[in-house]
Amino acid sequence: MNTQEAIAKRKSTRSYTSAPVPEEALTAILQAGFAAPVAMARYDSLHITVLQNEDTIKRINDATSEMFSRRMGVKRNMDFGARTLLFVSTTTEGLLPEMAYANVGIVVENMVISATDLGIDTVILGGAPRIIVEDETLMEELGIPAGMKPVLGICLGYATTEEPPKTHSITVNRV
Ligand SMILES: Cc1cc2nc3c(=O)[nH]c(=O)nc-3n(C[C@H](O)[C@H](O)[C@H](O)COP(=O)(O)O)c2cc1C
């Protein structure tokens, strides 16, 4: 698959089979994250957590579903069944917050496109990290380094059903 194909093929998958992500694929996806450009080359401001512990995944999913119900008034099951989750954390120390958060997005997108290229489905998670930062036990359990906070997560796995990618557009002006 070439890069344009991987970009076009990527989509958010919210239902995964129990098939594990091969270790070699996970390594390649992490390497894609390491290859991302980072403002002021502050790679030390970032950290990636690989989460495969079933109990911890369940607690995060339950708490995220509960948060959605409480804050948005809609009942949404956030347990997509993924057995491998990644979380990207950052510190804003010595970096403009905008740059720190942009770094996370860029690392995440590199990993998501790499996963798509390897035939692995993904969805980016913005809600679950909000739960983790509010829970000291989860922060410790996930080994988030002191001074850092998780900003985005990624579910990795294989979709239960084949769905085509959606098409989107963003307004553009030319000056
Ligand atoms: C920063 C960010 C946070 C997101 N957070 C969530 C999330 O918490 N839960 C979820 O199901 N999808 C989440 N998404 C996925 C978007 O909803 C999805 O990308 C968008 O609806 C477009 O659909 P597509 O990815 O299938 O093209 C997030 C995406 C981004 C980029």
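Helices (H or I, at least four residues) and strands (E, at least two) are DSSP runs, numbered from the N terminus. With that in hand, let us walk through the model above. It is a predicted model, in which local features need pLDDT of at least 70 and side-chain atom pairs count only at pLDDT 80 or more, while totals for chains, interfaces and linings use all residues. Residues are numbered from 1 along each chain as its sequence is written, and side-chain values use heavy atoms, with hydrogens and water left out.

A good place to start is the loop between helix 2 (23–34) and strand 1 (46–51), where you will find Met40. Ala41 belongs to this loop between helix 2 and strand 1 too. Most residues other than glycine have a negative phi. Met40, however, has a positive phi near 55 degrees, and Ala41 has a positive one near 50 degrees. Met40 is exposed, with a relative accessible area of 68% (exposed means over 50%, buried under 20%, and partly exposed in between, using a 1.4 Å probe and protein chains only). Ala41 is exposed as well, at 52%.

Next, go to the beginning of the chain. Met1 sits in the segment before helix 1 (3–9) and is partly exposed, with a relative accessible area of 46%. Leaving aside residues up to four places away in sequence, Met1 touches Ala6, Lys9, Thr116 and Asp117 (contact means heavy atoms within 4.5 Å). Met148 lies 147 residues from Met1 along the chain, and 35 Å separate their C-alpha atoms.

Now for the ligand. Around it stand 15 residues, the closest being Arg10, Ser12, Arg14, Lys166 and His168 (a residue is near a molecule if one of its heavy atoms lies within 4 Å of it). This shell divides into six nonpolar, four polar and five charged residues. Strand 3 (residues 121–125) gives the most to the shell, with three residues. Oxygen atoms of the ligand come up in several pairings: one is 2.6 Å from an N or O atom in the side chain of Ser12, and one is 2.6 Å from an N or O atom in the side chain of His168. At Gly127, a polar backbone atom is 3.0 Å from a ligand oxygen. Taken alone the ligand exposes 620 Å², and the protein buries 66% of that (areas come from the Shrake-Rupley method with a 1.4 Å probe).

Strand 3 is also the place of Asp121. Asp121 is buried, with a relative accessible area of 16%. Its side chain reaches the backbone nitrogen of Ala159 at 2.8 Å. Among the residues that Asp121 touches, not counting those up to four places away in sequence, are Lys11, Tyr16, Cys155 and Tyr158.

Cys155 takes us into the interior. The largest nonpolar core has 22 residues, and those with the most contacts inside it are Ile60, Leu85 and Cys155 (a nonpolar core is a set of buried Ala, Val, Leu, Ile, Met, Phe, Trp, Tyr and Cys residues joined through side-chain atoms within 4.5 Å). At least two residues of this core come from each of helix 3 (54–72), strand 2 (84–90), strand 3, helix 5 (127–133) and helix 6 (136–141). Helix 3 supplies the largest share, four residues. Not counting residues up to four places away in sequence, Cys155 touches residues including Phe80, Leu85, Asp121 and Val123. A second, separate core of 20 residues includes Val21, Leu30, Val108 and Val112.

Note on methods:
Polar contact = N/O pair within 3.5 Å; in protein donor to acceptor, adjacent residues only side chain to side chain. Nonpolar A, V, L, I, M, F, W, Y, C, P; charged D, E, K, R; others polar.
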